[in-house]
Amino acid sequence: TGPPLQAAQDARLTVDGVPVERATNTVTDALPGVTLTLTAADPARTATLTVERFKGAAKEAVAGFVDAYN
């Protein structure tokens, strides 16, 4: 015997004030270019995620390519 079984539920979250509900714990379409992997649920706790663009990424990638090529 183990813990009682519980029916699976859809993942529910809010992104920028918009409710999102998905059948899986991987959300790929709530934020462009971002994959959210939901690992735990605590309705009493709010989690804040800040996503920022790394502005130097393209410059560093080109410099790395040039260095590797040379």
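**Notes on the predicted model**

1. Let's start with a loop residue: Asp 16 sits in the loop between β1 and β2. Keep in mind while reading that this is a predicted model. Asp 16 is not a glycine, yet its phi is positive, at about 50°. For background, most residues other than glycine have a negative phi. Asp 16 counts as exposed because its relative accessibility is 75%, and the cut-off for that label is over 50%. If you want a feel for distances, try Lys 59: it is 43 residues along the chain from Asp 16, and the two C-alpha atoms are separated by 30 Å.

2. On confidence, the protein chain has a mean pLDDT of 87, with 100% of its residues at 70 or more. Going element by element, strand β2 (residues 18-22) has the highest mean, 94, while α1 has the lowest, 86.

3. Now the inside. Which residues form the largest nonpolar core? There are six of them: Leu 13, Val 15, Val 20, Val 27, Val 34 and Leu 36. Two strands, β1 (11-15) and β4 (34-37), each supply at least two residues of this core. As a general point, nonpolar side chains in soluble globular proteins tend to be buried together.

4. Leu 36 is a handy residue to click on in that core. Setting aside neighbours within four places in sequence, Leu 36 is in contact with Leu 13, Asn 25, Thr 26, Val 27 and Leu 49. Two of the names on that contact list, Leu 13 and Val 27, also belong to the six-residue core.

5. How many salt bridges does a search of the whole structure find? Just one turns up. The partners are Arg 22 and Asp 29, and their closest N and O atoms are 3.1 Å apart. In general terms, side chains of opposite charge can pair when their charged atoms come close.

6. Staying with Arg 22, this residue is found in strand β2. Is Arg 22 buried, exposed or partly exposed? With a relative accessible area of 27%, Arg 22 is partly exposed, because that label covers values between the 20% and 50% cut-offs. Beyond residues up to four places away in sequence, Arg 22 touches Asp 10, Ala 11, Val 27 and Asp 29. So the list of contacts includes the salt-bridge partner, Asp 29, as well as a core residue, Val 27, where contact means heavy atoms within 4.5 Å. Gln 9 is 13 residues from Arg 22 along the chain, and their C-alpha atoms are separated by 9.3 Å.

7. Last, have a look at the surface around helix α1 (residues 57-69), where Phe 65 is found. Val 62, Phe 65, Val 66 and Tyr 69 form a nonpolar patch on the surface, and together they have about 470 Å² of accessible area. Why does Phe 65 count as exposed? Its relative accessibility is 58%, and exposed means over 50%. As for where Phe 65 lies relative to Ala 23, the two are 42 residues apart in sequence and 40 Å apart in space, C-alpha to C-alpha. When you inspect this patch, remember that α1 has the lowest mean pLDDT among the elements of the chain, at 86.

Notes: Residues are numbered from 1 along each chain as its sequence is written. This is a predicted model: local features need pLDDT of at least 70, side-chain atom pairs count only at pLDDT 80 or more; totals for chains, interfaces and linings use all residues. Side-chain values use heavy atoms; hydrogens and water are left out. Patches are made of residues with over 30% relative accessible area and no salt bridge: like charges are joined within 9 Å, nonpolar side chains (Val, Leu, Ile, Met, Phe, Trp, Tyr) within 5 Å. Accessible areas come from the Shrake-Rupley method with a 1.4 Å probe; for residues, only the protein chains shown count as cover. A salt bridge is a side-chain nitrogen of Lys or Arg within 4 Å of a carboxyl oxygen of Asp or Glu. Helices (H or I, at least four residues) and strands (E, at least two) are DSSP runs, numbered from the N terminus. Buried means under 20% relative accessible area, exposed over 50%, partly exposed in between (1.4 Å probe, protein chains only). A nonpolar core is a set of buried Ala, Val, Leu, Ile, Met, Phe, Trp, Tyr and Cys residues joined through side-chain atoms within 4.5 Å. pLDDT is the predictor's confidence in each residue, from 0 to 100.
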